[in-house]
Each structure stands twice: as C-alpha cells, then as structure tokens.
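Please read the following briefing alongside the sequence and the coordinates. It is arranged by topic and begins with one helix before moving outward to the rest of the chain.

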Amino acid sequence: MSTMRAILKEKPGYGFSFKRVDVPKVGHNEVLVKVKYVSICGSDLHIYRWDESMRNRIKPPRIIGHEFAGEVVEIGEGVENIEVGDYVSAETHIYCGKCYQCRIGKPHICRNLKILGVDVDGAYADYVVVPANIIWKNDPIIPPEFASVQEPFGNAVHASFTVDLSMKKVLITGLGPIGLMSAMIAQAIGSAIVIGTEVNPYRIRLAESAGIEHVVNPLEEDLTKKVMKLTDGTGVDVVLEMSGNPSALKQGLELLTNGGDIVLLGIFDGEVNLKLNELVIFKGVKIHGVTGRLIFETWELATRLLKSGKVDLSKVITHILPFEEWEKGMELMDRGECGKVVLKL
Ligand SMILES: [Zn+2]
Ligand SMILES: [Zn+2]
C-alpha cells in the first residue's frame, strides 16, 4: 500500500477532488487506521461549497472527513494501549494537552484545538493517521456504520446531558441529524414532553418516522399556541437550539419558562440581535454554549445509549453509499434530503 483513494480540497473554490495520493506516514504517538465507513458532516458541506466560514480556516490541499470507523493497521512509536486490529473511531478535537483548559480537564475546548479533516488530513480516504490520544475503541457490538456517526451523535449526547432532561418539557429547535438525535435521546432518557421544530419537509417526515412525539413546522403551524397547549401554559423547561437560525433562537427563548435552560449547539452566521433584557435577564434564563464532546465522558455515555438499544441510529442514517458516490452524498446534503449520509469504503 503506497497510494490510496482520497477526497480532498485541492485548491480554494467550489467542490472536492477524488484522486490517488500517498498513504500517510504514521508518526510518534500516532496510529494508522484503515477506514471502513466515513460519514458526511454539515461542516464538510461548508468546505465543499467553500463557504465563507471555512475559507480562512482550511489550507488546501487537505483531505477532508472526520466521522469514521475503521481498523488500526499500524502503530507509531510511543503508542500504548492500542493494537493493530483494534476497531476504532476518533474524537475529532485534537487537543494540545498543555494549555490551561487541557490542564483543568476540559480538552474539548483546548485553546490550541486542531480538527481532523480541517486542520490536518482527515478520513475521506482509505487510510488516516490519527493521534493516539483521540482514538476511541469501539464496542464490538456497535455496527461500523453507527460507529462512524458517533461523533455527531456525541454532539447530541453532550448537548442533551448538559442539563438534566428527565421529566422535563423540552423544545428542540432544528431537526437536522444532530437535532433529531437529541430528540431521540430526550425521549429515551425520560423527558416528559419532546417538541421538535423543523421547516424542511424531508426532515419533518424523518423525525416523525423516527418516533418523535411532536414535530412542528413553525411556518405552517402556530408554534407558540402549540407549545403553550402542550405545556399547560408554562412553556418549556429546556430548549436545545440546534438550528443556528436567529428567529428559532428568539422563539425558543420566548417559549422557555422563566428560570429555564437553553443549550446552544447550532452555529450562527455572523452576529445575532436579541432583546436580552426581556428574553434572558428578567426571565432568569441560563444559557449553555456547547461544542464538541467531553473527552471521553460523552463517548462513554454515547456507547451506553447505543448498547441499550434505546436510541436507534438506523432511523437517522438515511443513506449508505459506496465511497465513489461521494458526490451524490454531497448533493443530498446540499438539498437537505437526507439524515446522515455514510460512505462505505
Ligand atoms: Zn462532524
Ligand atoms: Zn490544550
């Protein structure tokens, strides 16, 4: 194996290239993984379209992709506790281990954070080199297509466990894959009421078929009326904001009961204008910004949820395509006519 297939951002501008490149060399404290499944992330689509948010971040040429499952085929010097043949995925936040946040046990918000497939070459390839300290050994019971989706699933787990959701009335704004997984988790761990909002018809149907109790299209239904009716006029205890849409955020805050919690995971374009006095301060609302996954606490929780069978990722994974059909996967993502799209190598 001297060369391999890879999908890369070869130069600035729209699109990716699919070509043969050299298999990367494994270095000190790194492992080489043979990729079996890789799933497409919303951020990969931003890179594909060369959206503003990614232009200053990515330095082409760069192999994209960070959500994967595979098998360790080579171990670098200094690596302990990982062996050739291990069935693995990876936390995608590569932390420095030296900064203040890393030293106080918060490596997921490391100040020198690098992201696999963004700042270093990623997993849209037959092989990927991964630092050993972010390798996650998968439970053999978890199918590899599910294992490849654990990274975004971990976002949903992290957000859903930021506040206690048990017997709470929960509103989830935005039912893209992470929002949908969050709704599934909230139902699995015993929230009293779970209401999800979404405007994309495909994703509304997907959420309904995944068994989400209350799915509302705020463009077609009066969301306020519906939420107030379902919550006996109190509003919800918790909002999980997954859309990155300023009007959904505003509506979420309006529907949050006084003293409630809002968890923000959706990414916004630019600045957001909010009437903080009325929507946050006088209501005594608690705001939680959530990014990445707690390393590795979230992974452990995610594994337990999957092993329990209480969350079924087959309801979220709508497409498994051969690696060569990556372009079709990007188009599906672009149109929003999918849940998670997984590529099989
Ligand atoms: Zn991702
Ligand atoms: Zn650090």
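In this predicted model, helix α7 has an exposed side that carries P201, R205 and S209, while the buried residues of the helix, which spans residues 201-209, are R203, L206 and A207. These three buried residues cover an arc of only 95° around the axis, and they therefore lie on the same side of α7.

**Surroundings of helix α7**

- The buried residues of α7 are covered by a set of elements that includes the helix α6 (177-188) together with β12 (193-197), β13 (214-216) and β17 (317-322).
- After α7 comes G211, a residue whose phi is positive, with a value near 90°.

**The chain as a whole**

- The chain contains 12 helices and 18 strands, and its radius of gyration of 20 Å is close to the 20 Å that the globule rule gives for 345 residues, so the chain is as compact as a globular protein of that length.
- Measured out along its principal axes in the model, the C-alpha trace spans about 65 × 40 × 40 Å.
- Of the 345 residues in the chain, 46% are buried.
- Among the contacts in the chain with a separation of 6 or more, 67% are accounted for by residues 24 or more positions apart.

**Domains and their contact**

- The domain assignment divides the chain into domain 1, made of 3-149 + 316-344, and domain 2, which covers 154-289.
- The centres of domain 1 and domain 2, taken over C-alpha atoms, are separated by 29 Å, and the contact takes 6 residues from domain 1 and 8 residues from domain 2.
- Sorted by class, the side of domain 1 that touches domain 2 consists of 1 nonpolar, 3 polar and 2 charged residues.

**The open sheet β2-β1-β4**

- An open sheet is formed by 3 strands in the order β2-β1-β4, with antiparallel pairing; its edge strands are β2 (17-22) and β4 (62-63), each of which pairs on one side only.
- Strand β1, which covers residues 3-9, pairs with β4 in the antiparallel sense over 2 bridges, and the bridge partner of K9 in β4 is R62.

**Pairing of β5, β6 and β10**

- The strands β5 and β6 are paired in the antiparallel sense over 2 bridges, and G70 has V88 as its bridge partner in β6.
- β6 is also joined to strand β10 (residues 135-137) by 3 bridges, again with the two strands running antiparallel, and in this pairing the bridge partner of V88 in β10 is K137.
- V88 thus appears in both pairings, as the bridge partner of G70 and as a residue bridged to K137.

**Cis peptide bonds**

- The peptide bond that leads from P60 to P61 is cis, its omega being near 0°, and P61 is found in the loop between α2 (52-55) and β4.
- I295 and F296 are likewise joined by a cis peptide bond, for which omega is about -5°; F296 lies in the loop between β16 (286-289) and α11.

**Positive phi outside glycine**

- N29 is not a glycine, yet its phi is positive at about 60°; N29 lies in the loop between β2 and β3 (30-39), and because 14 other C-beta atoms lie within 10 Å, N29 is partly exposed.
- N81 is another residue other than glycine with a positive phi, here near 70°, and N81 is found in the loop between β5 (67-75) and β6 (87-90).
- With 8 other C-beta atoms within 10 Å, N81 is exposed.

**The loop that holds D312**

- D312 lies in the loop between α11 (297-308) and β17, and because D312 has 14 C-beta neighbours inside 10 Å, this residue counts as partly exposed.
- The C-alpha atoms of D312 and L219 are separated by 29 Å, and these two residues are 93 residues apart along the chain.

Technical notes:
Residues numbered from 1 in each chain as written. Chains lettered and ligands numbered in written order. Predicted model: local features only at pLDDT ≥ 70, side-chain atom pairs only at ≥ 80, totals over all residues. Pairing = 2+ DSSP bridges. Helix = DSSP H or I, 4+ residues; strand = E, 2+ residues; numbered from the N terminus. Rg over C-alpha atoms; globule rule 2.2 N^0.38 Å. Buried ≥ 20, exposed ≤ 12 C-beta atoms within 10 Å, placed from the backbone. Contact = placed C-beta atoms within 7 Å. Arc of directions from axis to C-beta. Domains from an automatic or database assignment. Nonpolar A, V, L, I, M, F, W, Y, C, P; charged D, E, K, R; others polar.
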